[in-house]
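This report covers helix packing and the ligand site of one protein model. Please look through the sequence and the structure before reading on.

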Amino acid sequence: MSAPRPAGRRPTAQRAREEEGRRRQLIEVTIDSLAEVGYVGSTLAQIAGRAGLSAGLVAHYFGDKEGLLEATFRALARRVATRMQSRAKLARSARGRIQAIVDAHLAPEEFEKRTASAWLSLWGQVPHTPGLKRIQSAYQRRMLTNLRHALRALLRAEEAGPLAAMIAAMIDGVWLRAALSDWREADSVAARALLARFIEQRLAEGGAAPSRAARAATPARAPVRVSTATLTTINPATGERIAELPIADAAAIDRAVARARSAQRDWASLPGAARARVLRRAADLLRGRNLELARLETRDTGKPIQETSVVDVASGADCFEYFAAVAATLAGDHVDLGRDAFGYTRREPLGVTAGIGAWNYPLQIACWKAAPALACGNAMIFKPAELTPLTACELERILIEAGLPEGVFQVVHGHADTGRLLTGHPQIRKISLTGEVGTGQAVMADSAATLKHITLELGGKSPLIVFDDARLDNAVSGALLGNFYSAGEVCSNGTRVFVHRRVRAQFIERLATRVRAMRIGDPLDPATQVGALISEAHLEKVLGYIARGEAEGARRVVGGGRVTTGELASGYFVAPTVFEACQDEMSIVREEIFGPVMAVLEFEDEEEVIERANATDFGLAAGVFTEDLTRAHRVIARLEAGTCWINHYNVTPVELPFGGVKLSGLGRENGRAALEHYSQWKSVYVALAKIDAPY
Ligand code: NDP
């Protein structure tokens, strides 16, 4: 509860926050305006009109048009700089830092029509406007200095400078090409891959000669090894550094694969029941260490202990228990082929598999991939997300303690580069990725050369439909679980909440009351319900979407900003936010935000809502709330989603397969369906009679 205060007087901090929110909103509107009508058309009056404010109020915040456009340019440049800094901070290898700079400039959020059109219209004015010129020079200097600095660890100074300039020119070049092709050539993944290939080639040609400083620090003739680099993990609720871990380079991956290959043969030759005993013991050990592991997960991810102590570890343990039972029952078929022959099938492991995890459910993701892989007799090399590497290491220890032969499950650390070493490795037979759509596309492309099996668990923007006969409190509970659990960092979240016109007002009222009562705080405090977002860059992305939501005309009902009270100021906390009056074409309705932002939309009839729910490239999940079960099944059958709920949301029992359709992924985790993705069939024909050959 907040303390009473005199009517009409708002505390300075709150006023400052509101003003900051308004400034952000106006900057987002300006970006829209620049993208649509360009620099000349973006007048103060035009922007004020779009924002539904008076031109005087806009002038109060920014002075004149130049002031507003400079602030917009500065905000765009700062966004890239923040993203670059946080990526580079985590990328401890020089090559990783170079890629971080490239990735930050060509991230999907930047490399899309709206943002890039705004950049281009501002760039066009740089030669004529001293304020813009200053911002542009600082932006260019920053990119070049960072590139040069990272390259100096790999090349001689006289080579680092020109290559930095070439990379910077290529980054600007792909933007221009995309813009001049009317965005037909705009593809963030392809652009980053192009730059990555170019950099690899130039580094190989340059011989990756060590700098003088690096040469002095390295014994004679020893190559500069990326494996000496480390990554640092921080607690996103406090900024505290938790651990430093070595990054696996190509040689380390080769060693891991060789160990896995030799260990896998013995593991696969055990009877299923023997493998089952190890998996079952692992489940028991996970449960026995629930609180300790939950605390570690909470520190690494910023998620409340209230969640990690009942979901993250427990669902991992359930998965090992389930696949232990499955391992003991694996079997092929006997096929009767008449008197002279019979056939049988053997379900065989794939060999060495690799798992690549996202940062939102690190331990659960590691378990969901490891348990079916090991049950089928495979080995697995697992790379957790660079931001959350800790609990996967504990899982490796637990599996060894449970009796898994060393080498059958190994954890390697690193960034996307390490992921690429796995996807490109010729002796790895399968990749299972949990991550963004763009990463899924890159992994699929990189796996093509070695024709790997792949499972892709990717992003979503799922619909949750509330009909007018639904039990409203139940539906509100579902919407809360489907939007604010783990601060909204859940792939299957039902972030498009379609509510029937007749119950919309009531739904919003009950929802808002419950959201306002949610406790945001120290994730290690058992009373906390909403913890921190994963990183500063992610926080900026989520706040950017909130500002865009307001700019596009959605009405914010509750939440809407960063929470910085007391000690929370050093973490990345955002208040759970609900928007109503949302329209299907708004960016907060179309794009995955992966944060605590719910969009409520109104609908009138069943046919209409099904069509709108399916009007997305994603297809991970969907939910329907209604007391009419005939309608529930009819609607669910027509929704394009891999994982659905009737009168609930986001429950994922291990017995049910989990996964998406369309751009949300390929393959399934959990349930017996997962076996199809970790094993292959061998058919054996057995002759019982003399061979009748015509020769
Ligand atoms: P990313 O796609 O950024 O990263 C996922 C993993 O892939 C990380 O380990 C990452 O390494 C690695 N990686 C990145 N690029 C490559 C590459 N080119 N080759 C190989 N590996 C690569 O996802 P996030 O970690 O940001 O997770 C959030 C996303 O995951 C959201 O879109 C969310 O919807 C989705 N997700 C999907 C789930 C599902 O089951 N469908 C469940 C949970 C999340 P690094 O950490 O170094 O970047």
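## Helix packing

Helix α12 and helix α14 (residues 305-327) have axes that come within 8 Å and cross at roughly 165 degrees. The two helices are therefore roughly antiparallel to each other. The crossing of α12 and α14 is left-handed. Note that the model is predicted.

Helix α12, spanning residues 272-288, has a second partner in helix α15, residues 362-375. Here the axes come within 10 Å, and the crossing is again roughly 165 degrees. That angle makes α12 roughly antiparallel to α15, because angles over 145 degrees count as such. α12 passes α15 in a left-handed crossing.

Another pair is α5 (residues 94-105) with α7 (residues 130-152). Their axes lie 8 Å apart, at an angle of about 155 degrees. So α5 runs roughly antiparallel to α7. This crossing, too, is left-handed.

## Ligand site

Which residues come nearest to the ligand? They are E386, E436, T439, L458 and E592, out of 29 residues around the ligand.

What is the make-up of the shell by class? It has 14 nonpolar, nine polar and six charged residues.

Some secondary-structure elements supply at least two shell residues each. Among them are the helices α17 (416-423) and α18 (437-448). Strand β8 (430-434) does so as well.

The table gives polar atom pairs between ligand and protein.

| Residue | Protein atom | Ligand atom | Distance |
|---|---|---|---|
| W359 | side-chain N or O | oxygen | 2.8 Å |
| K383 | side-chain N or O | oxygen | 3.0 Å |
| L458 | backbone N or O | nitrogen | 2.7 Å |

How much of the ligand does the protein bury? Taken alone, the ligand exposes 900 Å². The protein buries 90% of that area.

L458 thus appears twice in this picture. It is one of the residues that come nearest to the ligand, and its backbone supplies an N or O atom 2.7 Å from a ligand nitrogen. W359 and K383 use side-chain atoms instead, each facing a ligand oxygen.

## In brief

The helix pairs α12 with α14, α12 with α15 and α5 with α7 are roughly antiparallel. At the ligand site, 29 residues form the surroundings, and the protein buries 90% of the area that the ligand exposes when taken alone.

How values were computed:
Residues numbered from 1 in each chain as written. Predicted model: local features only at pLDDT ≥ 70, side-chain atom pairs only at ≥ 80, totals over all residues. Heavy atoms only, no water. Near = heavy atom within 4 Å. Polar contact = N/O pair within 3.5 Å; in protein donor to acceptor, adjacent residues only side chain to side chain. Areas by Shrake-Rupley, 256 points an atom, 1.4 Å probe, with all protein chains shown as cover. Helix = DSSP H or I, 4+ residues; strand = E, 2+ residues; numbered from the N terminus. Nonpolar A, V, L, I, M, F, W, Y, C, P; charged D, E, K, R; others polar. Axes fitted to C-alpha atoms, helices over the stretch in contact; angles between N-to-C directions. Parallel < 35°, antiparallel > 145°, perpendicular 65-115°, else oblique. Left-handed = near helix turned anticlockwise from the far one by under 90°.
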